[in-house]
Amino acid sequence: MPTVVVVHHLKNFDEWIKVFKADPPPKVGRWRLLRGSDDRNRVHVVGDVAASEVKAVKDFLGSQHMQDVFKRVNAMSTAPLEFIWLEELAP
């Protein structure tokens, strides 16, 4: 199952969470929000999606609306957003 991880290095979590709640992840897949226990301004948004949903998620993330949201988020961040696509391997 493909997984996408969006890494945020925020200046202020409380400001960011308002933006996140206004523009949540797409309705496909299973999404989790993880916050650093040592660095409370480090946040990972993790989406586990079926292979058949990858295109829909990439289209959502690449949409003009989300690109505008990401510009706002980057202005709230100490580093640019990082998008990491992963595939699970058998041990």
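**Stop 1: the nonpolar core**

Start by selecting Phe-13, Trp-16 and Val-73: among the 19 residues of the largest nonpolar core, these three touch the most other members. You are looking at a predicted model, so read every contact on this tour as a computed one. Now colour helix 1, strand 3 (42–48), helix 2 and helix 3, since each of these elements supplies at least two residues of the core. Which of them gives the most? Helix 1 does, with five residues. As a general background, nonpolar side chains in soluble globular proteins tend to be buried together.

**Stop 2: helix 1**

Keep helix 1 (13–22) on screen and show the side chains of Phe-13, Trp-16, Ile-17, Val-19 and Phe-20, which are its buried residues. Turn the view until you look down the axis of helix 1: the buried residues fall within an arc of 160°, so they line one face of the helix. Then swing round to the face turned away from that buried side, where you will find the exposed residues Asp-14, Lys-18, Lys-21 and Ala-22.

What covers the buried residues of helix 1? The cover includes strand 1, strand 2, strand 3 and helix 3. For a single example, click on Phe-13. Leaving aside neighbours within four places in sequence, Phe-13 is in contact with Arg-35, Arg-40, Asn-41 and Val-43.

**Stop 3: strand 1, by way of His-8 and Val-4**

Next, select His-8, which sits in strand 1. Is His-8 buried or exposed? Its relative accessible area is 5%, so His-8 is buried. Show what surrounds this residue: beyond its neighbours within four places in sequence, His-8 contacts Trp-16, Asn-41, Arg-42, Val-43, Val-45, Val-73 and Leu-81. Two of those names should ring a bell, as Trp-16 and Val-73 were picked out in the core at the start.

Now move along strand 1 to Val-4. Val-4 counts as buried, at 0% relative accessibility. Setting aside residues within four places in sequence, Val-4 is in contact with Trp-31, Val-45, Val-46, Gly-47, Ile-84 and Trp-85. If you like to use the distance tool, try the C-alpha atoms of Val-4 and Asp-59: they are 55 residues apart along the chain and separated by 13 Å.

**Stop 4: a loop residue, Ala-50**

For a change of scene, go to Ala-50, in the loop between strand 3 and helix 2. Ala-50 has 28% relative accessibility and counts as partly exposed. Which residues does Ala-50 touch, not counting those up to four places away in sequence? They are Met-1 and Pro-2. The C-alpha atoms of Ala-50 and Pro-2 are separated by 6.4 Å, although their positions lie 48 residues apart along the chain as the separation is counted.

**Stop 5: helix 2**

Follow the chain into helix 2 (54–62) and select its buried residues Val-54, Val-57 and Leu-61. They cover an arc of only 65° around the axis, which puts them on the same side of helix 2. Strand 1, strand 2 (30–35), helix 3 and strand 4 are among the elements that cover these buried residues.

**Stop 6: where helix 2 meets helix 3**

Show helix 2 and helix 3 together. Their axes come within 5 Å and cross at roughly 60°, and the two helices are therefore oblique to each other. To see who meets whom, select Phe-60, Leu-61 and Gly-62 in helix 2, which meet Gln-64, Met-66, Gln-67 and Phe-70 in helix 3.

**Stop 7: helix 3**

Finish on helix 3 (residues 64–75), whose 12 residues reach 17 Å from first C-alpha to last, close to the 16 Å expected at 1.5 Å a residue. Select Met-66, Val-69, Phe-70 and Val-73, the buried residues of helix 3. Seen down the axis, they fall within an arc of 100°, so they line one face of helix 3. The spacing makes sense: an α-helix has 3.6 residues a turn, so residues three or four places apart point the same way. The buried residues of helix 3 pack against strand 1 (2–9), helix 1, helix 2 and strand 4 (82–87). On the face turned away from them, look for the exposed residues Gln-64, Lys-71 and Ala-75.

One last click: Phe-70, in helix 3. Phe-70 is buried, with a relative accessible area of 12%. Apart from neighbours within four places in sequence, Phe-70 contacts Leu-61, Leu-81 and Phe-83.

Definitions and conventions: Residues numbered from 1 in each chain as written. Predicted model: local features only at pLDDT ≥ 70, side-chain atom pairs only at ≥ 80, totals over all residues. Heavy atoms only, no water. Helix = DSSP H or I, 4+ residues; strand = E, 2+ residues; numbered from the N terminus. Expected span 1.5 Å × (residues − 1). Buried < 20%, exposed > 50% of the residue type's maximum accessible area, 1.4 Å probe, protein only. Arc of directions from axis to C-beta. Contact = heavy atoms within 4.5 Å. Core = buried A, V, L, I, M, F, W, Y, C linked by side-chain atoms within 4.5 Å. Axes fitted to C-alpha atoms, helices over the stretch in contact; angles between N-to-C directions. Parallel < 35°, antiparallel > 145°, perpendicular 65-115°, else oblique.
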